[in-house]
Amino acid sequence: MRVLRVLGQLIAGLLAVVLLTPLGSAAGTVVVVNAEPPTVRGQAVFDKLLRARPGTWEPAEVTHTYAWLRNDRPIAGATGASYRLGLDDLGARIAVVVTATHEASGESASATSQPTPRVRRAELRSKRLPRVEGVTRFTRTVRATPGRWSASPTRVRYQWFRSGRPIKGATKAAYRFVPRDVGRRVRVLVSVKAPGYSHAAAKSERLGRVGHRVGVRRTVTYRVETRGTITTSLREFRRQAQQTFTDPRGWRGAGVRFRPVATGGSFTLVLAQAGRVPSFSSACSSSWSCRVGRYVIINQDRWKFASPAWNAAQGSLRDYRHMVVNHETGHWLGLGHSGCSGRGNPAPVMMQQSKGLNGCRFNPWPTGAELASRTPR
């Protein structure tokens with residue numbers, strides 16, 4: 001009996017030891033330890049892919065799971081070994097938590113990587129420069145294309161430049177050439193934005209020099225004379241008359257090029273004392289300018305003071321001078337007087353604007369119809 005009692009006590013002791021010892025205790029308790037911390041590889045830049053390196057674990061027989069953090073807070077759904085940076089990540093630091101689980105025992109431990117630098121915007125790169133399409137002539141309209149970029153822009157802006165300087169108000173994709181563009185080079189700067197990307201801009205190639213409305217069809221020469229007592233600057237008269245002749249809005253727009261010469265010439269431009277104007281023809285008046293044969297006569301009083309009707313409408317003296325030179329030269333080119341084409345319209349330059357307008361508006365330049373109706377003789 002005593003033997004049986006001792007044997008029973010031994011069996012009970014052994015069972016207690018077995019029940020109190022975890023599975024696998026033959027090799028000791030399994031403890032999962034991170035020997036080398038996880039790391040994050042990749043650029044902290046919008047739309048770039050970050051990849052997690054799990055680090056080193058002991059024992060080595062572990063599986064890994066991942067949880068990505070944004071400023072130490074879990075990112076919903078980000079549980080893969082890689083993570084693509086999005087808009088919500090801009091300015092934040094990204095880290096990854098790796099959990100290693102022992103395959104046999106199910107024991108696990110976690111470790112967190114060092115955070116990345118703050119996520120910055122990506123660079124928006126030009127893959128094809130903006131282009132300008134159209135004819136580079138005065139009065140024509142050209143249009144810019146935005147080019148091609150590394151990401152599709154959500155906002156595109158335009159700024160046109162003339163000779164390297166921005167043109168005030170020229171901020172649309174389309175641009176219509178103005179007189180100041182003639183003889184100069186024009187290009188466009190395209191600025192783009194896209195979510196997650198830094199601002200970017202690119203300029204088109206420079207266009208050739210902007211041309212006149214039409215090419216030169218005829219070259220005429222002229223010389224300058226005076227008649228009577230001249231009380232205004234002859235030098236200014238010469239300079240301003242040539243400005244009128246070369247202006248893209250004037251008869252140059254019909255293909256006529258004017259070149260001053262010292263002697264001879266196709267016609268003579270005369271600055272005349274008012275009282276000497278009638279000496280050219282009984283049809284001329286001391287009150288107005290005139291054209292007789294090869295003579296284009298500008299009345300000095302009108303040159304200095306414009307006309308009562310022009311001044312009443314608060315027109316500028318410079319515009320009047322453009323108008324009177326264009327009008328009288330138009331007669332020499334073979335054009336007669338015109339009437340108002342409709343109330344509120346710009347007056348034809350061949351209308352007698354010094355005397356009245358009949359409902360038109362003062363206008364110092366030939367209208368498009370006057371330029372296109374015929375090539376002056």
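In which order do the strands of the open sheet containing S2, S3 and S7 stand, and is their pairing parallel or antiparallel? As you select these strands, keep in mind that the structure on your screen is a predicted model. The order across this open sheet of three strands is S2-S3-S7, and the pairing is antiparallel.

**First stop: the sheet S2-S3-S7**

Colour residues 39–41, which form strand S2, together with S7, and you have the edge strands of this sheet, each of which pairs on one side only. If you look along the sheet, neighbouring strands are turned against each other by 25° on average, with direction ignored. Now add strand S3, residues 49–53, which pairs with S7 in the antiparallel sense over three bridges. To see one particular pairing, select Leu50 and look across to S7, where Tyr83 is its bridge partner.

**Second stop: a salt bridge**

Next, show the side chains of Arg70 and Asp89, which meet in a salt bridge with an N to O distance of 2.7 Å. Arg70 belongs to strand S5 (residues 62–70), whereas Asp89 sits in the loop between strand S7 (82–84) and strand S8 (94–102), so that the pair links distant parts of the chain, 19 residues apart. A search of the whole structure finds seven salt bridges.

**Third stop: the sheet S11-S12-S16**

Move on to another open sheet of three strands, where the order is S11-S12-S16 and the pairing is again antiparallel. Strand S11 (131–133) and strand S16 (174–176) stand at the edges with a single partner strand each, and therefore one side of each has no neighbour in the sheet. From one strand to the next, the twist averages 30°. Select strand S12, residues 141–145, and you will find that three bridges join S11 to this strand, the two running antiparallel. Within that pairing, Glu133 has Arg143 of S12 as its bridge partner.

**Last stop: two helices**

Finally, select helix H2 (residues 234–246) and helix H5 (residues 317–332), which pack at an angle of about 70° with their axes 10 Å apart. Because of that angle, H2 is roughly perpendicular to H5, and H2 passes H5 in a right-handed crossing. To see the contact itself, show Glu236, Gln240, Gln243, Thr244 and Phe245 on the H2 side, and Arg318, Arg321, His322, Val325, Asn326 and Thr329 on the H5 side. Coloured by character, the residues of this contact of H2 with H5 divide into two nonpolar, six polar and three charged.

Terms used
Residues are numbered from 1 along each chain as its sequence is written. This is a predicted model: local features need pLDDT of at least 70, side-chain atom pairs count only at pLDDT 80 or more; totals for chains, interfaces and linings use all residues. Side-chain values use heavy atoms; hydrogens and water are left out. Axes are lines fitted to C-alpha atoms, for helices over the stretch in contact, and angles run from 0 to 180 degrees between N-to-C directions. Helices (H or I, at least four residues) and strands (E, at least two) are DSSP runs, numbered from the N terminus. Angles under 35 degrees count as roughly parallel, over 145 as roughly antiparallel, 65 to 115 as roughly perpendicular and the rest as oblique. A crossing is left-handed if the near helix is turned anticlockwise from the far one by less than a right angle, and right-handed if clockwise. Contact means heavy atoms within 4.5 Å. Ala, Val, Leu, Ile, Met, Phe, Trp, Tyr, Cys and Pro count as nonpolar, Asp, Glu, Lys and Arg as charged, and the others, Gly among them, as polar. Two strands pair if DSSP finds at least two bridges between them. A salt bridge is a side-chain nitrogen of Lys or Arg within 4 Å of a carboxyl oxygen of Asp or Glu.
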